[in-house]
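Visitor: I would like to learn how to read a structure like this one. Could you walk me through it?

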Amino acid sequence: MALVPALAITAALYLVYLTALAFAGAVWQIWVASLIAGFAAAGIISLPISYLLDMIWDRPGLSASLIAVNMFLGGAFGAAVFAFGTWIGGYPAASILSGVAGVLGAGLLLGLEGRR
């Protein structure tokens with residue numbers, strides 16, 4: 001499977017996890033949601049690194065700096081989404097908004113890759 005569709009699938013799975021977490025009313029529901037999160041997190045953590053390395057295969061040394069910039073910007077964007085989500089509706093809203101932002105990002109990446 002190509003990297004970008006795989007990343008989109010894992011982002012969608014993570015949205016399912018975050019939505020389930022927002023509406024969980026019992027401990028067993030969190031455990032079930034965590035099973036989905038395991039698969040989703042594995043893809044979200046590992047696939048962007050492969051994607052970046054495939055993009056810059058002809059520029060040695062650039063990958064380390066781009067991964068650091070990616071982590072910094074991702075952390076800043078994530079903090080902003082969390083702050084906005086908690087402001088509009090507390091932790092459940094932040095959870096759902098985070099998942100939606102991830103799916104939108106994956107969709108944007110799919111759209112950009114489709115042009116290439």
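Guide: Let us begin with a bend. Helix α3 bends by about 135 degrees at G89, and the proline P92 follows within four residues. This is a predicted model, in which local features need pLDDT of at least 70 and side-chain atom pairs count only at pLDDT 80 or more, while totals for chains, interfaces and linings use all residues. Residues are numbered from 1 along each chain as its sequence is written, and side-chain values use heavy atoms, with hydrogens and water left out.

Visitor: What is the bend at a residue, and what counts as a helix?

Guide: The bend is the angle between axes fitted to the seven residues ending at that residue and the seven starting there. Helices are DSSP runs of H or I with at least four residues, strands are runs of E with at least two, and both are numbered from the N terminus. In α2, a kink of about 25 degrees lies at L47, shortly before the proline P48.

Visitor: What span does α3 have between its end C-alpha atoms?

Guide: The expected span of a helix is 1.5 Å times one less than its number of residues. For α3, residues 62-115, a straight helix of 54 residues would span 80 Å, yet α3 spans only 24 Å. Compare α2: its 29 residues reach 42 Å from the first C-alpha to the last, close to the 42 Å expected.

Visitor: How many helices and strands does the protein have?

Guide: The protein has three helices and zero strands, and along the sequence the pattern reads α-α-α. Its C-alpha atoms fill a box of roughly 50 × 30 × 25 Å, taken along the principal axes.

Visitor: Where is the predictor's confidence lowest, and where is it highest?

Guide: That is what pLDDT tells you: the predictor's confidence in each residue, from 0 to 100. The protein averages 88, and 99% of the residues score at least 70. Confidence is lowest in α2, at a mean of 87, and highest in α1, at 91.

Visitor: Which residues of α3 are buried, and what do they pack against?

Guide: Buried means under 20% relative accessible area, exposed means over 50%, and partly exposed lies in between, with a 1.4 Å probe and protein chains only. In α3 the buried residues are V81, G85, A93, A94, S95, G99, A106 and L109. They pack against α1 (3-23) and α2 (27-55). In α2, the buried residues include A33, A37, A40 and G43, and their cover includes α1 and α3. Across the protein, buried residues make up 22% of the 116 residues.

Visitor: How do I read the contacts of one residue, say T10 in helix α1?

Guide: A contact means heavy atoms within 4.5 Å. Not counting residues up to four places away in sequence, T10 touches F39, A40, G43, I44 and L47. T10 counts as buried because its relative accessibility is 9%. A polar atom of its side chain also lies 2.9 Å from the backbone oxygen of L7.

Visitor: And which residues does P48 contact?

Guide: Leaving aside neighbours within four places in sequence, P48 is in contact with L7 and G43. P48 is partly exposed, with a relative accessible area of 22%. Of the protein's contacts with a separation of 6 or more, 62% are between residues 24 or more positions apart.

Visitor: How many aromatic pairs are there, and how are they classified?

Guide: Rings of Phe, Tyr and Trp (its six-membered ring) pair if their centres lie within 6.5 Å; planes under 30 degrees apart count as stacked, over 60 as edge-to-face and the rest as tilted. A search of the whole structure finds three aromatic pairs. One of them joins Y14 and Y17, whose centres are 5.3 Å apart with planes at 50 degrees, so the pair is tilted. Y14 and Y17 are separated by about one helical turn because they are three residues apart in helix α1. Y14 is partly exposed at 29% relative accessibility, whereas Y17 is buried at 13%. Another pair, F82 and Y91, is stacked, at 5.8 Å centre to centre and 25 degrees between the planes. Here F82 is partly exposed at 41% relative accessibility, and Y91 is exposed at 62%.

Key. Polar contact = N/O pair within 3.5 Å; in protein donor to acceptor, adjacent residues only side chain to side chain.
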